[in-house]
Amino acid sequence: QDWELIYFRDVFLKSHGEGLRKRTLERIVLLFERYRYTYNFNRRNVADLFAITENGGSGFIANCIDRGIIKKVKVDEYCFVMSKEEDL
């Protein structure tokens, strides 16, 4: 089983994704399935994956940053935030 995905979806997103629409949560999981904690991504990657504009990708990323799901690594480069247990 994919424990990393299960933990992200069932534990991490439950605490950080409260109030998000179902479609938004599904998109976050889809993005996580592609990049995990291993790879960084940018707004173009998000826009291409969801077939939206780059501005839409920026808005999606900003919403995730506000909720502590994604963090900024450097200009236009982002990654998923690891929970405290995963950092150990």
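**Notebook: pocket, helix H2 and core**

I began with the largest pocket of this predicted model, and I found its lining to be made by Arg9, Leu13, Lys14, Gly17, Glu18, Lys22, Leu25, Glu26 and Val29. Looking up which elements give two or more residues to that lining, I noted H1 and H2, with the largest share, four residues, coming from H2. I put the volume of this pocket down as about 150 Å³, and I sorted its lining residues into three nonpolar, one polar and five charged.

Since H2 had come up, I turned to the helix itself. I checked its length against its residue count: at 1.5 Å a residue, the 14 residues of H2, residues 22-35, should span 20 Å, and because the C-alpha atoms at its ends are 20 Å apart, the two values agree. Directly after H2 I came to arginine 36, and I recorded that its phi is positive, near 50 degrees.

Next I asked myself which residues of H2 are buried. I listed Thr24, Arg27, Ile28, Val29, Leu31, Phe32 and Tyr35. I kept in mind that an α-helix has 3.6 residues a turn, so residues three or four places apart point the same way. As for what the buried residues of H2 pack against, I wrote down helix H1 (3-16), helix H3 (43-50) and helix H4 (54-66), together with strand S1 (70-74) and strand S2 (77-80).

I then went through the largest nonpolar core, which has 22 residues, and I marked Phe8, Ile28, Leu31, Phe41, Ile69, Ile70 and Phe80 as those with the most contacts inside it. The elements that give two or more residues to this core are H1, H2, H3, H4 and S2, and I noted that H2 gives the most, with five residues.

From that list I picked isoleucine 28 for a closer look. Leaving aside residues up to four places away in sequence, I found that isoleucine 28 touches Phe8, Leu13, Leu20, Phe60, Cys64, Ile69 and Phe80; of these, Leu13 also belongs to the pocket lining.

My last entry concerns cysteine 64, which I located in helix H4. Is cysteine 64 buried or exposed? I counted cysteine 64 as buried because its relative accessibility is 2%, and the cut-off for buried is under 20%. With residues up to four places away in sequence again not counted, cysteine 64 touches Ile28, Ile69 and Ile70. I also looked up how cysteine 64 sits relative to arginine 9, and I noted that they are 55 residues apart in sequence and 14 Å apart in space, C-alpha to C-alpha.

Notes
Residues are numbered from 1 along each chain as its sequence is written. This is a predicted model: local features need pLDDT of at least 70, side-chain atom pairs count only at pLDDT 80 or more; totals for chains, interfaces and linings use all residues. Side-chain values use heavy atoms; hydrogens and water are left out. The expected span of a helix is 1.5 Å times one less than its number of residues. Buried means under 20% relative accessible area, exposed over 50%, partly exposed in between (1.4 Å probe, protein chains only). Contact means heavy atoms within 4.5 Å. On a 1 Å grid over the protein atoms alone, a cavity is a set of points where a 1.4 Å probe fits but cannot get out, and a pocket is an open set with protein on both sides within 12 Å along at least five of seven lines; lining residues have an atom within 4 Å of a point. Grid points are joined across faces, edges and corners, and a volume is the space filled by probe spheres set on the points. Ala, Val, Leu, Ile, Met, Phe, Trp, Tyr, Cys and Pro count as nonpolar, Asp, Glu, Lys and Arg as charged, and the others, Gly among them, as polar. A nonpolar core is a set of buried Ala, Val, Leu, Ile, Met, Phe, Trp, Tyr and Cys residues joined through side-chain atoms within 4.5 Å.
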